[in-house]
Structure formats: structure tokens, C-alpha cells
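The following exercises concern the secondary structure and packing of one protein chain. Each task is followed by a solution in steps.

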Amino acid sequence: MNLLQLQNAHKTFGTKVLFNEASFSVNLGEHIGVIGPNGAGKSTLFKALVGQLELDSGQIIKSQQLKVGYLEQESDWNTQQSSEEFLQEHSLKKLWELKQIGESLGLTEEHFRSPLHKLSGGYRMRMKLVYLIGQEPNLMLLDEPTNFLDLESILALESFLQSFEGAFLLISHDREFLRRTTESTLEIEAGEITKFPGQIDDYFEQKNQLREVLEAQKANQESKRKQIQEFIDRFGAKATKAKQAQSRMKQLEKMEVIELKDLSVTAKIQIPKPISTGREVLFLDSASLGYAENVILKNVTLRLNRGFHLGIVGVNGAGKSTLLKSLAQKIPLLSGSLQVGYQVSLGFFSQHSADQLDLEDRVIDALEKAANRDVMRQEILNLAGSLLFAGDDIYKPIRVLSGGEKSRVALGQILLKKSPVLLLDEPTNHLDFETVEALTEALRDYEGTLVVISHDRSFIRRVSKQILEIKSGSVDIYPGTYDEYVWSLQNQKKQQIKIKLLSYLC
């Protein structure tokens, strides 16, 4: 059964065309991933489908049975009200049912009783998911639902979506999450909306095949055009061949021009080569980390050598960001020592790095100020382009940028410093699918030392050579691979569910 159809939609913002005669449909039970460059219109599409924005032309046809649930990046909840009270007032499901669902996402009674403004970004997103499920929708619109979620919560959400009998449209830049939860892909790009059957990997394969066909057609067309033009040039002035030449000219004018759009994942990020250092770059010895009287991590010893790539994992609140801030010398150690190697400078990116930008700078100014003096201007321009600041966008003042755009400028500043040690906390947030892929490739080949926190499994699997697990106040190198770590988490979750089921039966 068809739940929803978009027909011949046209939508512009200023001079930018987001949708141009765009059409697609959603059927009952379909699980669809939505991808496209930043600014292509993904969130705009969702807002149009729920009536928050109007199309310039075209129509949205909805089934009488349609019940939409919309998880947006920003919402108008009363943040002073407790989550429990809000859910009781606005949900169709019973509160005890919602609490069971919330428990699987890592929410506790304390979270339900707390006002929303007291919840961290990750727990706030989980509460919004519980609210959405409480609406009992048969079509969910999910806009970047994994932002701020830790791995355990992502796995729980993944499991829920896999078993969800209704339909959903899911915007995400997390390739692994899309691979595991969706069965078709909706591409929004250059004013067009195209639906591809199959998972995200099938989408890339189909795009490449389509590209190859178009390239062959274009080459064949160019060959024909060349032959016709040579005939015209050779015989156009001869009276005996004039008619034929004119006929060929008309044929040339009527030939359709085959345009090749850029494929996704064509962006390439070039990180300047880091400054050379000695073998040991960082040594944290017998340290306690935290804030004033609040000790979060105890007796931490960590030795990092040149070229080491370390991924930090653990649940939200375990102390991942605290460790990174301590290594970056942004917060003092409570005890122990931190030694930084000879000629070692630290490049630190956090979710608050954008707050340090000078609002009166232009994008290009901010990048040039931060860049190492050996970095050429063309390298700066190339990096700006790969972070989606192309053409005149580099002259935009920082003050007019969105939060995501500011975050990308801050990330660019860190990458241009030529720091031999990069400490990155969730660097893929606010990046589109293609840029995440480009950053992944760049960091995987980065010659310096890398310590990174990320909820994006595909990203952290590819850039990390070893995993550091933070759990119950301790920090340890995980003995296996990242895939083995994820597998162990999934098994632990299954065991916990079994124990709960047995307790209910008894």
C-alpha cells in the first residue's frame, strides 16, 4: 500500500533550487535511507512532508491511514517540564511501555523524572525517540537520529528500526547504520530526488554502473560530433557538398548533450603532512582525571607513539571527552603527570571548538590564521572546498554561518595546523555523507598520531588501529578489533534482555 507520494515538487530558497519537478513514493513498511550533500534539501523535504514548510508547486498525496512521526534535530519541547510528564500528556502508549522502550536505549527512572534541559544531548535525543515511538506512527521521519548517541544506544536503536513494522525515512551520514537499517536509498541532489533499490552499498554500485554507461554514451557521442564537424569543416565551402554540410550542421544542432554529474564520494581531503617528531609523543602516567572534586577516571597510564591511531569507545558519560580534554591540556590533571614529546604540538577539535571562532572573520581568514606558515594558500583553498566551502562561500563572515558550517571551519583549522597529534571529538558531526567518506580516507592515511572519539562505526573502524575502552572509571586497551568490541557489546545486550525476560517469567 502506498502511504505517501510527492509529485512534481518545486522548492527554492532565494536563488537556490532545492527541488525541480521532484517525485517519489513511500510504501507501507519501507525502510529508506536519505542521503545527499549538505544544503541539498533533506531536512527541507521532511519539513514539507509534515506541513512545516510549503512547496512552491507540486503536491503531497497522503493515504488516509498515514500516521507520521517526525524526529527533527531541533524541537519545541517545554524543557522545564519533566520528560515523564511530557510523555504522559503527548503519547498514545502507556508510560510503563515507554519506560521499557527507554530502558533499552539506556534511559533510567532518573532521566524520565528530570527536566529535558538537564539531560545531555545524547539522552535528550533518546527521550525524543521514546516520544516518537509513543505516537505509534506507521511512517517515521528521522533526521540524524544517531547524533550524540553512544554505541550501545545506536545498537539498540538499530535493533528497534530493524524490527519496526512501519515505514521510515532516515537521514544519516553513518554508512554502517544505513547499511544495517535500510533497504533502499533516496538520493537528493541538484534538485532531483532519485530512489534506488537495495542497501547503501547497492546504491554506490548502481551509481558507478550508471556513470560507466553515461561515460560510454558521451564518448560515443563526442566521436560522432567530431566526425560530423570534420565533414562540415572539410566540405562546407564546396558547392557540390553544401546541402550535405547543411544537413550535417542541423544534425549536430539536434544532438542531445549528455551531461555527467559528479558522483558522490568524489571529494578528497588533503591534510598537510605533520611536523616530524621523536618516537614518543604523549605519555600520561598514573593520572586521575576529572573536575575539582569529581574524579571521573583513576590511575590512567597511556603511552602514545608517533603514527599511532587510537579510537576511544565507551558509553556516554564514561569519560571519553574528559580523557581527550586532559590529553589536550584543556583541563588540568587531578593527579599524575602528562609529558608531551619534543616538538609535539596538539590539534584539538571538540564539539565546542566552533565557539572559539572570531565572528567578524571570513571563512578564508579563519582558515589562514590557523594554518601552519608552511601551508600554501592553494592547500587552504582545496581543504575549504572539500569541507563544502567552494567559490564565494569562502568569503562569508563567520557570524552568518550555521552551527554546522562553523563546526566545519573549526575542523579545517585543526587539519591545517600540521600538528603531529590530532585529538578529535566527534569530527563527523555536521558533515554530509560524502565529506565523512573523504575525511575517513584522509585520516586513515594520516602520518601523525590520531586519537578520536566517534559514534560512526564505519569511520572509527577504518581510521583506528587500536581501541581504547573506557568503562567504570578505568581506561584499558581493548584486546581485539573494533568489530570484536561491537560484537561483545551486542552479546552483552542480548544476555541482559534474556535475564530480564526470565525475571518477568518468574
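**Exercise 1. Burial of a helix**

In α10, Lys320, Thr322, Leu323, Leu324, Ser326 and Leu327 are buried, where buried means under 20% relative accessible area, exposed over 50% and partly exposed in between (1.4 Å probe, protein chains only). The model is predicted: local features need pLDDT of at least 70, side-chain atom pairs count only at pLDDT 80 or more, and totals for chains, interfaces and linings use all residues. Residues are numbered from 1 along each chain as its sequence is written, and side-chain values use heavy atoms, with hydrogens and water left out.

Task: State how far α10 is enclosed and describe what comes just after it.

Solution.
Step 1. Helices (H or I, at least four residues) and strands (E, at least two) are DSSP runs, numbered from the N terminus.
Step 2. Since 6 of the 8 residues of α10 are buried, this helix is largely enclosed by the rest of the structure.
Step 3. Just after α10, Gln329 has a positive phi of about 65°.
Step 4. For the background of the whole chain, 50% of the 506 residues count as buried, and the secondary structure comes to 16 helices and 18 strands.

**Exercise 2. The sheet of six strands**

Task: Determine the strand order of the sheet that contains β12, and identify its edges.

Solution.
Step 1. Two strands pair if DSSP finds at least two bridges between them. Strands of a sheet pair through backbone hydrogen bonds, either parallel or antiparallel.
Step 2. The order in this open sheet of 6 strands is β14-β15-β16-β12-β17-β18, with mixed pairing.
Step 3. The edges are β14 (346-349) and β18 (474-477); each has a single partner strand, so one side of each lacks a neighbour in the sheet.
Step 4. On average, neighbouring strands of this sheet are turned by 15° against each other, direction ignored. Axes are lines fitted to C-alpha atoms, for helices over the stretch in contact, and angles run from 0 to 180 degrees between N-to-C directions.
Step 5. Helix α10 (residues 320-327) packs on the sheet, touching β12, β14, β15 (421-425), β16, β17 (466-471) and β18; contact means heavy atoms within 4.5 Å. The direction of α10 makes about 150° with that of β15.

**Exercise 3. The surroundings of β12**

Task: Describe the partners of β12 and the covering of its faces.

Solution.
Step 1. β12 (residues 309-313) pairs with β16 (residues 449-453) in the parallel sense over 4 bridges. In this pair, His309 stands opposite Leu450 and Ile312 opposite Ile453.
Step 2. β12 also pairs with β17 in the parallel sense, over 4 bridges; here Leu310 stands opposite Gln466.
Step 3. Both faces of β12 are covered: His309, Gly311 and Val313 are buried on one side, and Leu310 and Ile312 on the other.
Step 4. With 5 of its 5 residues buried, β12 is therefore largely enclosed by the rest of the structure.

**Exercise 4. The sheet of three strands**

Task: Give the order of the sheet that contains β10, and relate α10 to it.

Solution.
Step 1. The 3 strands form an open sheet in the order β11-β10-β13, with antiparallel pairing.
Step 2. β11 (294-305) and β13 (335-340) are the edge strands, each pairing on one side only.
Step 3. β10 (residues 280-291) and β11 pair in the antiparallel sense over 8 bridges, and Gly290 stands opposite Val295 in β11.
Step 4. α10 lies across β10, β11 and β13, and runs at about 125° to β10.

**Exercise 5. A helix pair**

Task: Classify the packing of α11 against α13 and name the residues in contact.

Solution.
Step 1. α11 (residues 363-370) and α13 (residues 403-415) pack at an angle of about 25°, with their axes 8 Å apart.
Step 2. α11 is therefore roughly parallel to α13. Angles under 35 degrees count as roughly parallel, over 145 as roughly antiparallel, 65 to 115 as roughly perpendicular and the rest as oblique.
Step 3. Val363, Ala366, Leu367 and Ala370 of α11 make the contact with Val409, Gly412 and Gln413 of α13.
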